[in-house]
Amino acid sequence: MKTLFYALVTLLAMDCGSSQNMASPAVEPITVKDSKDAFTDAERIGDMMNYLASNDMKGRDAGTEGIELAATYIENYLKSYGVKPYFQTYRDTLSNFTKPAYNIVGIVEGNDPSLKNEFIVIGAHYDHIGIIKMENGDAIANGANDNASGTTTVLEFARYFGTHKTNKRSLIFALFSAEEKGLLGSKHLAKELKEQGLNLYTMLNFEMTGVPMKDKEYLMYLTGYEMSNLAEVSNAYAKEKLVGFLPTAKEYSLFKRSDNYAFHLELGVPSHTFSTFDFTNFNDYHKVGDEADKMDFEHMAHLVNKTIPVLEGIANAPTQEIKNK
């Protein structure tokens, strides 16, 4: 979240230390564990996160060799689990960035002859800020929480629907590049889909889902909470209060600060970001300390497993339930 920087400066006193040599996570894992037959688990999430946030990626800066490794990983993951390219290939070159940069876009076509012509975008940005100022011998901003966590979350959703094919509406899985350069990847794709005349129902974005919130009665908050009834619809399918309202998100206009916003502007559909970063539970935003060993993989797996029925319900409802207010 490039545009969160100034908000964070005013709100947080951040730890400047590196986490390269930490032996254990900096956050306590949540106590909730899913059943053995749950779709995903902490071990699988951890493997994905440890790769996407590894030093080999060199901080996944848009247009660099490091993010190329991440792009290839995402392409192969989608292909392995039955998610087809949305365009001729998975890669869609950005038209609004000077260096070669790509969104990775796949699709699972809906299984209903009528509803498959309605589309849902499920997205996250996979880029980060690359090499930054050296701190304690480390200059790689690995971007585990921002946003390898959201990327991993969306890839697991893609794996579920790619293998189960339970969706009546068509699902577009979009991993955006150049978010950190000004939301460029999502702006590019939203413009393309508008030009295609795509019948987009809603856009659901996932950002910084790597650590749990404390003392909250909900698992995730929703940016732009009051702008649609998405929270109400989500909680109905979850059969619990999965999604809530975070006052700080409204105070800092987070609705406009992530990849959902371009779809709101271009296509006017309900477009929101789900997140668990609440400005108090993570101190390494845009720092070298944003490492995989500080993420809570049990929490991340729980979030994926709890959200799948929500996505399935939204994809399969006979009418479009989510409405702008």
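**Terms and values in a predicted model**

Biologist: Asp215 lies in the loop between S8 and strand S9 (220–222), where strands (E, at least two residues) and helices (H or I, at least four) are DSSP runs numbered from the N terminus. Why is Asp215 called exposed?

Modeller: This is a predicted model, in which local features need pLDDT of at least 70 and side-chain atom pairs count only at pLDDT 80 or more, whereas totals for chains, interfaces and linings use all residues. Residues are numbered from 1 along each chain as its sequence is written, and side-chain values use heavy atoms, with hydrogens and water left out. Asp215 has a relative accessible area of 80% and is therefore exposed, given that exposed means over 50%, buried under 20% and partly exposed in between (1.4 Å probe, protein chains only).

Biologist: What makes the backbone of Asp215 worth listing, and which other residue, Asn136, has what phi?

Modeller: Phi of Asp215 is near 60°, a positive value in a residue other than glycine, and Asn136, likewise not a glycine, has a positive phi near 50°. Asn136 sits in the loop between strand S5 (131–135) and strand S6 (138–140), and its relative accessible area of 67% makes it exposed.

Biologist: Why does Thr151 count as buried or exposed?

Modeller: Thr151, which is found in helix H4 (residues 144–164), has a relative accessibility of 1% and therefore counts as buried. Apart from its neighbours within four places in sequence, Thr151 is in contact (heavy atoms within 4.5 Å) with Leu52, Ile74, Ala124, His125, Tyr126 and Leu175. Helix H4 also holds Asn147, and the peptide bond that leads to Asn147 from Asp146 is cis, with omega near 0°.

Biologist: How do you know that H6 and H9 are roughly perpendicular to each other?

Modeller: The axes of helix H6 (residues 230–238) and helix H9 (residues 297–316) come within 8 Å and cross at roughly 110°; such axes are lines fitted to C-alpha atoms, for helices over the stretch in contact, with angles from 0 to 180 degrees between N-to-C directions. Angles of 65 to 115 degrees count as roughly perpendicular, under 35 as roughly parallel, over 145 as roughly antiparallel and the rest as oblique, and H6 and H9 are therefore roughly perpendicular to each other. Leu230, Val233, Ser234, Tyr237 and Ala238 in H6 meet Pro309, Val310, Gly313 and Ile314 in H9.

Biologist: How do the residues of the contact of H6 with H9 divide?

Modeller: They divide into 7 nonpolar, 2 polar and no charged, where Ala, Val, Leu, Ile, Met, Phe, Trp, Tyr, Cys and Pro count as nonpolar, Asp, Glu, Lys and Arg as charged, and the others, Gly among them, as polar.

Biologist: What angle do the axes of H2 and H3 make, and which residues form the contact?

Modeller: The axes of helix H2 (residues 42–52) and helix H3 (residues 65–80) come within 10 Å and cross at roughly 150°. Arg44, Met48, Tyr51 and Leu52 of H2 make the contact with Leu69, Ala70, Tyr73 and Tyr77 of H3, and the residues divide into 7 nonpolar, no polar and 1 charged.

Biologist: What makes the aromatic pair of Phe206 and Phe274 stacked?

Modeller: The structure holds 14 aromatic pairs, and in that of Phe206 with Phe274 the rings are 4.9 Å apart centre to centre with 10° between the planes, which is stacked. Rings of Phe, Tyr and Trp (its six-membered ring) pair if their centres lie within 6.5 Å, and planes under 30 degrees apart count as stacked, over 60 as edge-to-face and the rest as tilted. Phe206 lies in strand S8 (residues 200–206) and Phe274 in strand S11 (residues 271–275), so the pair ties together parts that are 68 residues apart in sequence. Phe206 and Phe274 are both buried.
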